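Visitor: I would like to talk through the charged side chains of this protein. Could you walk me through them?

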Amino acid sequence: MKLSVATLIATLATAAAFAPSPMGVRSGSQLDARKPFISGNWKLNPQTKEEALVLAREIADSVTDASPDADVALFVPYVFIEAAMGVVGNKLMIGAEGVCPEINGAFTGAVSTSMLDSVGVKWALAGHSERRVIYGETDEYINGQCLKLIEQGMSVMLCIGESESEYDANLAGAVCAVQLKKGLAGISKKDMDRVVIAYEPIWAIGTGKVATPEVAQSVHKTCRSILEVMYDQETADSVRILYGGSVAPDSVDSLMAMPDIDGALVGGASLDSTKFARIINFQS
C-alpha cells in the first residue's frame, strides 16, 4: 500500500474509469459473493427514546423470510443503542454513528471503541461528510477511527464522496482516491473483510438529488479500481461498496441492479418505517 495519492490518481485518470457499466445481472462468482448491505443512518433523530423504539421495532418487523438475503443495519444515536438492540433482536444490526479514535482520557463527550464493544456494538460509521464538513474531522482523524475499530475487532463503514463543484469538475475519482488512500492507511488486506465503503456524493445528501444509477455505478467502479491499486483484484472484488445520497423507494431497485453497487446507506428514508421497509425489500 506504499502508493502515493498522485500515483493512484494517475492510474485512474482515464475515460474508462468513468465509463458507465451496463445495467443487468451481476456476473462472476466474486461479484455474486458480495452480500447486499442495506443500512440506515438516523443522524440527530428521533427526539425521544419512545419514538426510537417504535421506529426500530417497525423496521425490524419489515425484515421477513421473504426479504432479500442481505445484511441490514441501523446506525443510531449513542443514547438509543442498547434500547434499540433490545427491540430488533437478530433481525438487524445496531451500529454507532461515530467513534473517538482515543480509548480513554480527557476527551469530554467522546465515546470509545471499547465502550461501544462492551454494549455489543460491532459496526460504526467513519468519515461521513457531515462529520467532515460540520465538525472538521480530517482524513487523519477518520483513519484513526478506522484503525481503532479494526484493532478492537469491530467493523467500519468508511464514508467517502465529493462536493457538487468537485463532481462538476470531474474530480469524483480523484477525491475518492484521496479519501480511500488516507482513510484506509495501515489497514491490511486481511482486515478488509471488516471494512465497507459508502460512496455518498455530498451534493446528494439530504437534497433530494440522486445520482443516476449509471453515474453511481461509474464512481463505484472507479472506487473498486482504486482498491485494486491499493490492495489487489481479490480485495477489490470482495469489498462491499454502498451508495448513499437521498436513496428512496423509487430509486433503490435501479441502483441495486448495478453490478458494483452492493447496498445503500440511507438517511431521511430510514426515519420512515414504510419507506425504509421498501428499501430493505428491494427488488433485484
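Visitor: Happy to start simply: how many salt bridges does the structure hold?

Guide: This is a predicted model, and it holds 17 salt bridges.

Visitor: What makes Arg 240 and Asp 71 a salt bridge?

Guide: Their side chains come to 2.8 Å, N to O. The cut-off is within 4 Å for a side-chain nitrogen of Lys or Arg and a carboxyl oxygen of Asp or Glu, so the pair qualifies.

Visitor: Where along the chain do these two partners sit?

Guide: Arg 240 lies in the loop between helix H11 (233-238) and strand E7 (241-244), while Asp 71 belongs to strand E2 (residues 71-76). The pair links distant parts of the chain, 169 residues apart. Both Arg 240 and Asp 71 are buried.

Visitor: Arg 131 and Glu 137 also meet in a salt bridge. Why is Arg 131 called partly exposed?

Guide: Its relative accessible area is 32%. Buried needs under 20% and exposed needs over 50%, so Arg 131, in between, is partly exposed.

Visitor: And how do you know whether Glu 137 is buried or exposed?

Guide: Glu 137 has a relative accessible area of 11%. That is under 20%, therefore Glu 137 counts as buried. The N to O distance in its bridge with Arg 131 is 2.9 Å.

Visitor: What is the N to O distance between Arg 194 and Asp 191?

Guide: It is 3.0 Å, and their side chains meet in a salt bridge. Both Arg 194 and Asp 191 are buried.

Visitor: Which residues are joined into one network by salt bridges that share partners?

Guide: Those are Arg 34, Arg 224, Asp 260 and Asp 262.

Methods: Residues numbered from 1 in each chain as written. Predicted model: local features only at pLDDT ≥ 70, side-chain atom pairs only at ≥ 80, totals over all residues. Heavy atoms only, no water. Helix = DSSP H or I, 4+ residues; strand = E, 2+ residues; numbered from the N terminus. Buried < 20%, exposed > 50% of the residue type's maximum accessible area, 1.4 Å probe, protein only.
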